[in-house]
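Hi,

Here is the structure I promised to pass on. Have a look at it first, and then read my notes below.

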Amino acid sequence: MSAHAVADAAPACLRVRTVWISDVHLGTPGCQAQALLDFLRDVDCETLYLVGDIIDGWQLRRSWYWPQAHNDVVQKILRKARKGTRVVFVPGNHDEFARRYVEHNFGGVEVVDDCLHQTADGRTLWITHGDLFDGVIQCAKWLAYVGDMAYEMTLKVNRWFNRVRARVGLPYWSLSRYLKLKVKRAVSYVNDFEVAVAHEAKRRGADGVVCGHIHHAEMRQVDGVLYCNDGDWVESLTALVEHADGRLEIIDRSTAALPPISTLARPSAPSVVAGEPATAPVLRR
Ligand SMILES: [Mn+2]
């Protein structure tokens, strides 16, 4: 408790205009809530966009999983809203239950289907979760559910694998991300998705788009439209930020993912050196 209070009192070390996060999947064991908490503590922004799949209603319906760290994420976000951050929630397919509450406000959190964001340098970005451009979800929802279960299985293997890696002092490495990038069909699937979202942004007259959904952080030009994907907090631990001058950047916290518990316990401890035997249990649930 005191460690949290100390950490909360420390000034944010990353001041930005806007933050986009998505695909947190609270309510699933795959959610890396502690890494997200650390990020939210370190960042200070005027506007925070929650770009969908924040709470995983699909998984919670199958089995209830809600540890303290997941509560802490919700509390942290509501606290930011209370302290003056504008928080906008764009529901995704896993938290589609929230789509019923579009145009409502919950404890300072605005819920919208999609929206436009104006950057400091005058660009218009269309904000959407992106599932409407996913062929699998649109054509066969049952297939999406099956894929979801297979995905959970990979994540389970991944957690076990990284626990072993942590024990021998190796940094976090995402098996599921590796598999996805290796599979050719997945690559073409990602490309089709990016093109479809970018074209819709162009059709709407936006200069760019910010989305999530495919758990793959990216920022590139697609047919004259800036395509930005803020990634996820299951595998890649990434966020998209806009600096004061309008410059956009993907923040990758995956390298800082493993030591959070030990650093919380010892705030002044030096950073963990790879290869050094861990003195505290690194992963504890
Ligand atoms: Mn999604």
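Let me start with helix α4, where the buried residues are His 70, Val 73, Ile 77 and Lys 80. Those four cover an arc of only 85° around the axis, which puts them on the same side of α4. That fits the usual rule: an α-helix has 3.6 residues a turn, so residues three or four places apart point the same way. Before I go further, keep in mind that this is a predicted model.

What lies over that buried side? The cover for the buried residues of α4 includes α2 (33-42), β2 and β3 (86-89). Turn the helix around and you find Gln 68, Asn 71, Gln 75 and Arg 82 exposed on the other side.

I also checked the length of α4. The helix runs over residues 68-82, 15 residues in total, and at 1.5 Å a residue it should span 21 Å; the C-alpha atoms at its ends are 21 Å apart, so the two agree. After α4 comes Gly 84, with a positive phi near 110°.

Now the sheet. β2 and β3, which help cover α4, also belong to an open sheet of 7 strands. Its order is β4-β5-β3-β2-β1-β11-β12, and the pairing is mixed. At the edges sit β4 (105-106) and β12 (248-252), each of which pairs on one side only.

Further in, β1 (residues 14-21) and β2 (residues 43-50) run parallel and are joined by 7 bridges. If you want a spot to look at in that pair, try Val 16, which stands opposite Cys 45 in β2.

There is a hairpin to look at too. Strands β6 (residues 115-118) and β7 (residues 124-127) pair in the antiparallel sense, over 4 bridges. Leu 116 stands opposite Trp 126 in β7. Between the two strands are 5 residues, and in this hairpin Gly 122 takes a positive phi near 85°.

Finally, the overall picture. The secondary structure comes to 9 helices and 12 strands. The protein has 285 residues, and 35% of them count as buried. As for contacts with a separation of 6 or more, 68% are between residues 24 or more positions apart.

If you only have a minute, go to α4 and compare its buried residues, such as Val 73 and Ile 77, with the exposed ones on the other side, such as Asn 71 and Gln 75.

Cheers

Definitions and conventions
Residues numbered from 1 in each chain as written. Predicted model: local features only at pLDDT ≥ 70, side-chain atom pairs only at ≥ 80, totals over all residues. Pairing = 2+ DSSP bridges. Buried ≥ 20, exposed ≤ 12 C-beta atoms within 10 Å, placed from the backbone. Contact = placed C-beta atoms within 7 Å. Expected span 1.5 Å × (residues − 1). Arc of directions from axis to C-beta.
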